[in-house]
Amino acid sequence: MIVERIMKKDVFTLLPSDTVEQALQLMEKKSIRHIPIVNEKQQLVGIISDRDVRDVLHSSLFENAGKEDLNQPLSKVMKTNLLTGHPLDFVEEVAALFYEYKISCLPIVKDSKLVGILTESDLLYTFIQLTGSNQPASQFEVKVENISGKLSELTSILKERKLNILSVLVYPHEDEQYKIIVLRVQTMNPTGVIKDLQKEGYEVLWPNLPGVTS
């Protein structure tokens with residue numbers, strides 16, 4: 001999946017000459033936490049967050065803020081050392097940036113112009129969709145040998161029961177000779193699937209149902 005599919009394209013922006021007060025009002029009005037700062041050509045020159053605003057005002061209460069602080073231009077308080085993404089970047093690679101650099105949003109730039117913004121909430125929602133965890137289903141974790149063809153074998157077993165697979169994840173096992181395949185399947189009765197998998201010699205790590213042993 002590429003960033004263009006999940007980024008917000010309608011981005012609220014301000015100019016470097018706009019004030020901290022304008023940023024605060026826009027954040028409150030639109031319920032946003034980050035505002036990209038652009039020039040007249042829509043080129044990204046900075047970004048300001050709700051945390052930056054609180055730091056400037058020394059308080060999260062608008063009423064206690066001094067007029068001098070509120071009138072500061074954003075050019076004096078915005079962050080200018082920015083990480084950016086491209087619409088054609090892969091979502092998983094961008095997620096790694098969020099983790100490595102401890103950021104909570106990423107401006108998306110194309111041809112030197114701001115075209116979108118991606119937040120940690122966008123990434124979390126995408127993860128929910130990719131895993132199918134927002135749909136009624138059963139999840140199976142199966143230990144398999146780390147060789148080709150194992151995923152195909154597992155899906156063939158599910159095909160026999162005419163079950164729809166919502167998502168597939170693969171992650172490493174502590175023993176490199178194995179891996180764990182996580183299948184989210186549209187069934188609310190996992191017992192039969194577990195027995196089928198075990199009959200074919202697979203170790204089912206989850207669910208571990210009473211009376212159904214691996």
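Reader: How many salt bridges does the count come to by this rule?

Author: The count comes to 9 salt bridges in this predicted model.

Reader: What makes Asp52 and Lys79 a salt bridge?

Author: The closest N and O atoms of Asp52 and Lys79 are 2.5 Å apart. The rule asks for a Lys or Arg side-chain nitrogen within 4 Å of an Asp or Glu carboxyl oxygen, so the pair qualifies. Asp52 belongs to helix α2 (residues 50-57) and Lys79 to the loop between α3 (67-70) and α4 (91-101), so the bridge ties together parts that are 27 residues apart in sequence.

Reader: Why is Asp52 called buried?

Author: Its relative accessible area is 8%. Buried means under 20%, so Asp52 falls in that class.

Reader: Why does Lys79 count as partly exposed?

Author: The relative accessibility of Lys79 is 43%. That value lies between the 20% limit for buried and the 50% limit for exposed, so Lys79 is partly exposed.

Reader: How do you know that Lys143 and Glu203 meet in a salt bridge?

Author: The N to O distance between their side chains is 3.8 Å. The cut-off is within 4 Å, so Lys143 and Glu203 are counted as a salt bridge. Lys143 sits in strand β5 (residues 138-145) and Glu203 in strand β8, so this pair ties together parts that are 60 residues apart in sequence. Glu203 has a relative accessible area of 35% and is partly exposed.

Reader: What separates Lys150 and Glu153 along helix α6?

Author: Lys150 and Glu153 are 3 residues apart in helix α6 (residues 150-160), which means a separation of about one helical turn. Their side chains form a salt bridge at 3.4 Å, N to O. Lys150 is buried, at 13% relative accessible area, whereas Glu153 is partly exposed, at 37%.

Reader: Which residues are linked in a network of salt bridges?

Author: The network links Arg33, Asp50, Arg54 and Glu120.

Reader: Why is Ser31 called exposed?

Author: Ser31 has a relative accessible area of 67%. Exposed means over 50%, so Ser31 meets the criterion. Ser31 lies in the loop between α1 (20-30) and β1 (34-38).

Reader: What is the phi of Ser31, and what is that of Ser112?

Author: Ser31 has a positive phi of about 55°, and Ser112 has a positive phi of about 70°. Neither Ser31 nor Ser112 is a glycine. Most residues other than glycine have a negative phi. Ser112 is found in the loop between β3 (105-110) and β4 (113-119).

Reader: What makes the peptide bond between Trp206 and Pro207 cis?

Author: Omega is about 0° for the bond that joins Trp206 and Pro207. Most peptide bonds are trans. Pro207 is placed in the segment after β8 (203-206).

Note on methods. Residues are numbered from 1 along each chain as its sequence is written. This is a predicted model: local features need pLDDT of at least 70, side-chain atom pairs count only at pLDDT 80 or more; totals for chains, interfaces and linings use all residues. Side-chain values use heavy atoms; hydrogens and water are left out. Helices (H or I, at least four residues) and strands (E, at least two) are DSSP runs, numbered from the N terminus. Buried means under 20% relative accessible area, exposed over 50%, partly exposed in between (1.4 Å probe, protein chains only).
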